[in-house]
Amino acid sequence: MKKNKNSLVWQFYSPTSDSETPPKISYMIGTMHIRDERAFQFEQIFFNKIMSCDVFATEFDLDDTQAVSVASALMLPLGSSLQSLIHHKLYKRINDVLRKQTGMDLMQFNYMKPIAVTNFLSEFVLSNDRMLSLDETLWQFAKSHQKILRGIETFGEQLEILEKMAIDDQIKGLKDVIRNFPKFRKQLLNMTKLYEKADIAQLYKIAKQTAKGGQKILLYDRNALMVDRIAELSEQNTICVAVGAGHLAGKKGVLHLLKQKGFVVKPA
């Protein structure tokens, strides 16, 4: 992906053999899963692309989200706790940062996976200006305009990804956050700036860095699966697909993988 191709909206289509028949244009848009107002500056452009297509799809069917299942997937195995898994000095350090930043005590997360704490801290760094995240806002817009709604992955597959993330890797990730919380805050805020610039190449790099040893599970395998599903969905209808902007760029990103499948892919 060339660095000068900074765009959060891309068109893709299968070339037609008949020069008189125009191709059916579908769109790929990059989003952020946050409620921070800075992520919404392209909202109207996204709305327009949704309106131009038959189908709107997000990473998974947002109407199929099951809060109980998510909560269960975030729980540690029975008999485990953060206190038993994390060295007492690190546990105290995490607790000190958590209290300072959020007013919460780590004991309230004691039976939850470390990633739950990391995600909670992330939410406090970014603003919650909107009632819904950008993905949810786009989903509700499409729904209100009677678009066909689809999930690229199933909700169950999303939960399986969470289950595959090694606890030790989650602890290491949380440790890195706590060790230098100002750097963590700066990185999150920098991501919103990169998003405003539509710098998908840098967002992809950060996504790889954040995933650390989990790039294959969190990025590469998912990108390949999503592209297969997108190709299937676009056979019969024009489709507007919204995925996290970190999935777009790179040789293993969805845009490059779509090209490998024979689609014409261009900034829109």
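Here is a short chat about a predicted model of one protein chain.

Q: Hi! To start us off, how many helices and strands does the chain have?
A: Happy to help. This is a predicted model, and its chain has 12 helices and 6 strands.

Q: And how compact is the chain for its length?
A: It is as compact as a globular protein of that length, because the radius of gyration is 20 Å, close to the 18 Å that the globule rule gives for 268 residues.

Q: What box do the C-alpha atoms fill?
A: Taken along the principal axes, the box is roughly 70 × 35 × 35 Å.

Q: What share of the residues counts as buried?
A: Of the 268 residues, 46% are buried.

Q: What about contacts, how much comes from residues 24 or more positions apart?
A: Such pairs make up 78% of the contacts in the chain with a separation of 6 or more.

Q: Now the outside. What is the accessible surface of the chain, and what part of it belongs to carbon and sulfur atoms?
A: The surface comes to about 14,000 Å², and carbon and sulfur atoms account for 52% of that.

Q: And charges? How many positive and negative side chains are there?
A: There are 37 positive and 29 negative ones, with the centres of the two sets 10 Å apart.

Q: Let's zoom in on helix α7. Which residues are buried there?
A: In α7, which runs over residues 155–164, the buried ones are F155, L159, I161 and L162.

Q: Where do they sit around the axis of α7?
A: They are on the same side of α7, because they cover an arc of only 150 degrees around the axis.

Q: Switching to helix α4, is N95 buried or exposed?
A: N95 is buried, with a relative accessible area of 10%. Its helix, α4, covers residues 88–102.

Q: What does N95 contact outside its own stretch of sequence?
A: Leaving aside neighbours within four places, N95 is in contact with D105 and L106.

Q: V97 is in α4 too. What does V97 touch?
A: Not counting residues up to four places away in sequence, V97 touches I178 and F181. V97 is buried, at 15% relative accessible area. The C-alpha atoms of V97 and V177 are 9.8 Å apart in space, although the two residues are 80 apart in sequence.

Q: What about P114, where is it?
A: P114 is in helix α5, residues 114–125. At 0% relative accessibility, P114 counts as buried.

Q: So which residues is P114 in contact with?
A: Beyond its neighbours within four places in sequence, P114 is in contact with L76, L82, I167, Q170, I171 and L174.

Q: How is V254 placed, buried or exposed?
A: V254 is buried, with a relative accessible area of 0%, and belongs to helix α12, residues 254–260.

Q: Which contacts does V254 make?
A: Setting aside neighbours within four places in sequence, V254 is in contact with M28, N223, M226, V227, H247 and L248. Y220 is 34 residues away from V254 in sequence, and their C-alpha atoms are 9.2 Å apart.

Q: Time for some loops. Where is N237?
A: N237 is in the loop between α11 (215–233) and β5 (239–244). N237 is partly exposed, with a relative accessible area of 25%. Not counting residues up to four places away in sequence, N237 touches S26, D54 and V55.

Q: How far is N237 from Q101?
A: Their C-alpha atoms are separated by 47 Å, and the two residues are 136 apart along the chain.

Q: Last topic, backbone angles. What is phi of Q146?
A: Phi of Q146 is near 55 degrees, a positive value in a residue other than glycine. Most residues other than glycine have a negative phi. Q146 lies in the loop between α6 (134–144) and β4 (148–153).

Q: And what is phi of A198?
A: A198 has a positive phi of about 60 degrees, and it is not a glycine. A198 is in the loop between α9 (181–196) and α10 (200–211).

Q: Which of those two is buried and which is exposed?
A: Q146 counts as exposed, at 66% relative accessibility, whereas A198 is buried, with a relative accessible area of 7%.

Definitions and conventions: Residues are numbered from 1 along each chain as its sequence is written. Side-chain values use heavy atoms; hydrogens and water are left out. Helices (H or I, at least four residues) and strands (E, at least two) are DSSP runs, numbered from the N terminus. The radius of gyration is taken over C-alpha atoms; the globule rule is 2.2 Å times the number of residues to the power 0.38. Buried means under 20% relative accessible area, exposed over 50%, partly exposed in between (1.4 Å probe, protein chains only). Contact means heavy atoms within 4.5 Å. Accessible areas come from the Shrake-Rupley method with a 1.4 Å probe; for residues, only the protein chains shown count as cover. Lys and Arg count as positive and Asp and Glu as negative; His and the chain ends are not counted. The place of a charge is taken as NZ of Lys, CZ of Arg, CG of Asp or CD of Glu. The arc is that of the directions from the helix axis to the C-beta atoms.
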